[in-house]
Amino acid sequence: MGIMGWSFGGMVTMFAISRSAAFRVAVDQAGGALTWSGNPSVREALTTAAQTTNTPVLLMVAISDRTTESVTTLARHLQARNVPHR
């Protein structure tokens, strides 16, 4: 089973895969991009999710979105743990 979401749904996607091994693959499309810079709680929660999950993740964000840090930061945490991602 896979899960995907965009914006708030991307955040929910990361939270879901960090709490369940039921998902074989995930797509996070700009999860947290709008709130990343102004909300430390969102940053911490998404970072924790990336530090917890073992589910392969496709991370997507537009360069013209408010920030790309929400995706690039999670990618660094996934990379450090050798969790498949792109």
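These legends walk through several close-up views of a predicted model.

**View 1. Helices H1 and H2 cross each other at roughly 40°.**
Start with H1, residues 8–19, and H2, residues 40–52, whose axes come within 8 Å. The two helices are therefore oblique to each other, and H1 passes H2 in a left-handed crossing. On the H1 side, the residues to look for are Met11, Met14, Phe15 and Ser18. They meet Val42, Ala45, Leu46, Ala49, Ala50 and Thr52 of H2. Sorted by class, this contact has 8 nonpolar residues, 2 polar ones and no charged ones.

**View 2. The largest nonpolar core has 18 residues.**
In soluble globular proteins, nonpolar side chains tend to be buried together. Here, the core residues with the most contacts inside the core are Met14, Ile17, Leu46, Val57, Leu59, Leu74 and Leu78. H1, H2, strand S3 (57–60) and helix H3 (69–80) each supply at least two residues of this core.

**View 3. Leu46 and its contacts beyond its sequence neighbours.**
Which residues does Leu46 contact once neighbours within four places in sequence are left aside? They are Met11, Met14, Phe15, Gly31, Gly32, Trp36 and Leu74. Among them, Met11, Met14 and Phe15 belong to H1 and also appear where H1 meets H2.

**View 4. Thr13 is a buried residue of helix H1.**
The relative accessible area of Thr13 is 1%, so Thr13 counts as buried. Apart from residues up to four places away in sequence, Thr13 touches Ile3, Met4, Gly5, Ala26 and Val27.

**View 5. Ser7 sits in the loop between strand S1 and H1.**
Most residues other than glycine have a negative phi. Ser7, however, has a positive phi, near 65°. Is Ser7 buried or partly exposed? With 28% relative accessibility, Ser7 is partly exposed.

**View 6. Asn82 and Pro84 lie in the segment after H3.**
Although Asn82 is not a glycine, its phi is positive, at about 60°. Asn82 is exposed, with a relative accessible area of 65%, while Pro84 is partly exposed at 47%. Setting aside residues up to four places away in sequence, Pro84 touches Thr55, Pro56 and Val57. Val57 may be familiar from the nonpolar core, where it is listed with the residues that have the most contacts. The C-alpha atoms of Pro84 and Met4 are separated by 16 Å, with these positions 80 residues apart along the chain as the spacing.

Note on methods: Residues are numbered from 1 along each chain as its sequence is written. This is a predicted model: local features need pLDDT of at least 70, side-chain atom pairs count only at pLDDT 80 or more; totals for chains, interfaces and linings use all residues. Side-chain values use heavy atoms; hydrogens and water are left out. Axes are lines fitted to C-alpha atoms, for helices over the stretch in contact, and angles run from 0 to 180 degrees between N-to-C directions. Helices (H or I, at least four residues) and strands (E, at least two) are DSSP runs, numbered from the N terminus. Angles under 35 degrees count as roughly parallel, over 145 as roughly antiparallel, 65 to 115 as roughly perpendicular and the rest as oblique. A crossing is left-handed if the near helix is turned anticlockwise from the far one by less than a right angle, and right-handed if clockwise. Contact means heavy atoms within 4.5 Å. Ala, Val, Leu, Ile, Met, Phe, Trp, Tyr, Cys and Pro count as nonpolar, Asp, Glu, Lys and Arg as charged, and the others, Gly among them, as polar. A nonpolar core is a set of buried Ala, Val, Leu, Ile, Met, Phe, Trp, Tyr and Cys residues joined through side-chain atoms within 4.5 Å. Buried means under 20% relative accessible area, exposed over 50%, partly exposed in between (1.4 Å probe, protein chains only).
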